[in-house]
Amino acid sequence: MAELVIEGLTRRFAEVLAVNQLSLQVSNGEFITLLGPSGCGKSTTLASIAGLDRPEEGLIRLGDKVFFDSTNDVYLPPEARSCGLVFQSYALWPHMTVKANVEFPLILRSVTSLEMKRRVYEVLELVEMTAFIDRYPHQLSGGQQQRVALARTLVYQPDILLLDEPLSNLDAKLRDRARLWLADLRTKLGLTTIYVTHDQIEALALSDRIVLMQNGEIAQAGPPQEIYERPSSPFVADFLGTTNFIHAKVISKDGTGTTTFEVGSMQPLTLKTSHSLTPGSTAILALRPEHIRIASPHNHAQSAGRFRAVIKGHAYVGGKWQVTAAIGSDVIRLDSGTQITGDEIDLIVEEHIVTVFPGTKSFETV
Amino acid sequence: MQVGLSGGHPQAGRDQAIQYGIAVLTVALVTAPLLPVLYQSVIDRALYDAGHNFTLSNFSRLFKTEGFGEMVWNTLLFAALTTLIAQLIGTFAAILFGRTDLPGAKVLGELFLWPIYLSALVLSFGWYTVYGPSGFITMVWRDLLQGPVWDLYTIPGMAVIAGVSQAPVAFLYCMASASMADPSLEEAARVSGAGTFQTLRKITVPLLMPAIAYSAVLNFTVALELLAIPLVFGEPAGIMVLTTFLYSQGVAGIKPDHGLTATAAALFLVIICFLVWLQTRLLGNTRRFVTLSGKATRPRLFQLGKWRWILFISTVSYIFLSVIAPIGVLLLRAFSSMLSPMVPLIEVLTLSNFEALFSEPIYSRSVWNSLLVSTVAGLLGTLLIALIALVVHRSEFRFRDLLHYVALFPRAVPGVVAGIGFFYAVAALPDLGGIRNTIWILVIAFTMRYIPAGFGAVAPMLMQVSQDLDKAARVTGADWWTACSRILIPLMRPALVACFTLLFISCFKEYATAIFIFAPGSEVIGTSLLHLWIQGEAGLVAALAAIQIIVVGVCVTVARAIFGVKLYG
């Protein structure tokens, strides 16, 4: 096994740039998630690695093995790449039993029958499907089909594992279980893995590194916690988790980084930020709902991170109340443990947790 | 962790070799009859004679041929009348069986389709037996009821037979269109105050226009290519059309004029090419105009009210007269020494027609040859069509679009032109592997002719198979050919059964191509039918036709019952 290197990958569909000059390195044993909304180029990137799609430009290599190189006109067909790909649809061959599906890659590799028997059993044991060896795909549940698809991929010990939204066809409960199972399996195998999903929870829970994509380019790449807590753009902040955006104007800034903004209708809000902001300029503040607390109306001692909002509505969502409130023209969402009364509400954010994006240019939300 | 096994791709060039092989074979098969025809049309002597000179004199000779103008006029008139009759009956039937509360609409609709399963030759004989000068119903009508007598030996007479036989085509297209139309369009008209017949006239029929237009061009094309009806009814009355001209010049004549035949065939080819192009244009438009609704809603049936039983009786009479009588009486004729309303049936029932048929080696051989040719051409054709479909729809083959076009081109080649073309090809080329004058040349010609029909049965099914399934095989280490043979072909099995059945029936019915290329020893049912017809052996014609009807009937029934295969529509 070796590291995967992608350099300057570009893929056009007619006039649309599906993938634009994408470069990425995945080290041996690393679990990487390509995350993004549909049409961001994540599946095209995966198909290019597997050899199912031929890009226009770029280089893809796994260790010394060059999969694709546009400058030297190298294009290895999918069957010569030894990649393992689990399809979103599982793509189990409906006319073959579980056993025949899993055996197929081994038959292609002329494995002896004794060895074949051992390896099929071993891999089905790994995915806990030995009891279903003689079933046909249509006799299996979605979750079971997914395990067989994984077994069929693992049985020939691929150099790299590619997973294309493998959990998206499962219902919510099953998906949670499958995710835990997959996380467990990932630790057992230690295989270099590229996982494509649009589900942020899967991405956060499974990955060593998340590569968040937008319009065929990498919006941000990094460990889950880093991406979640320090998003590099409003798009990232908005895509990963729920984020409230508030338009603000910089009033003043002192030497320690304490900055006073004006939000809503002439309302001051004091936060700490490392950005160099000039008074008079504008910015967008990104606040996670879980970082917003409701202030005690009688305690005016704390002023940092404090602001007032107009209550627009609230709904009981089980165990808590979801509150919608407005600061000027910006609408925010937050959770409350108790029912809220009155027209207005005092809120406090942890001053160092707010992410500040200088400039008010409108941004794309998901 | 063990070191991964390397992917298995035994021969890197194998996929390409297979793809190029299929493409070359298809191109050879399709051009084999066309190039000789085009070549023969521009040289001054038969193409198997030495020392050709290029010339355009064939064209001027053709136009100056006596009766050429009349022949072209006859052809167009016959095709136009046929199309008109077929469209009127077919559209009316589609609305009646598909959209109204007519009693027994489903069964009547099934019966209405029957003519499409039979060859035009057999239908011609059926009509002759019932409505010919000494036909069963003709005699009842003339002798018992003293009614005025019709004459089928005229262009309108021929057009009625052809129109009735082609009406199912218009019916099928209109039914398909009607079942896809959004029923709320009609409901909106009803709610706005339109009555049953107003809604039909203003909404339903206009919505069918694309289907009517497309099937009209299709029927016009089929009518131009039709040989049997003009041969059986036109020829004796001296009415010549393009197909019978080609037949008499190319086969029946004592001293065939190859330059003239080839030139007429080439012109014919150009006309049909244009019409097929028009069909594809119209089909593209159909998709744009027909209002599709994703929901599987069943349109509400129109209430016929007081017309219900009158229309039922008229429909049953029509089906009896146009479908049941010609086929039924022909079958009866096969099992009797003669048929006449004056003689009780029980006195004439006999198996002697079949005994006579099978005592003559030519005719018994033609039955076995038909079965053999249809089976072999069906199998080879299905295999070739499956491979073409795989290359066209499931490979990265560089010329796959071109292959697709070539594979569908035989649609534009009339049966008689294909026959003449293969006849020339065999005559001009050195006898390859001794196939000249054997049934193998028939196998090759039939396979070529029915590639488009078979492709139409296979390709949609293949496109429904998820691409993930073969992609998955590729990623796990299978090359293209392994993915095709191990994954896709097994999954295509129902479509391949349908394709084989369709090819078998089409080949079994074939006569227009066969009459140009058969030889003593390689007779098939179609050629023997014509042979017996010319000799005036009405009983033997009926017996041979009965065999064809029964074999085709069994095939259709078995395919539908066992495999659930839907042929046509």
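**Contacts, core and sheet in a predicted model**

Modeller: In chain A, 65% of the contacts with a separation of 6 or more join residues 24 or more positions apart. The model is predicted: local features need pLDDT of at least 70, side-chain atom pairs count only at pLDDT 80 or more, and totals for chains, interfaces and linings use all residues. Residues are numbered from 1 along each chain as its sequence is written, with chains lettered from A and ligands numbered from 1 in the order in which they are written.

Colleague: What makes two residues a contact?

Modeller: Their C-beta atoms, placed from the backbone, must lie within 7 Å. Leu544(B) touches Leu357(B), Tyr363(B) and Ile525(B), among others, not counting residues up to four places away in sequence.

Colleague: Why is the set of 266 residues called a nonpolar core?

Modeller: The term denotes buried Ala, Val, Leu, Ile, Met, Phe, Trp, Tyr and Cys residues joined through C-beta atoms within 7 Å. Buried means that 20 or more other C-beta atoms lie within 10 Å of a residue's own (exposed: 12 or fewer; partly exposed: in between). The largest such core has 266 residues, with Leu442(B), Val458(B) and Leu544(B) having the most contacts inside it.

Colleague: How do you know that strands E17 and E18 of chain A pair?

Modeller: Strands (E, at least two residues) are DSSP runs, numbered from the N terminus, and pairing requires at least two bridges found by DSSP. E17 (residues 306-316) and E18 (residues 321-327) of chain A share six bridges in the antiparallel sense, and therefore satisfy the pairing criterion. Val310(A) has Ala326(A) as its bridge partner in E18(A).

Terms used:
Helix = DSSP H or I, 4+ residues; strand = E, 2+ residues; numbered from the N terminus.
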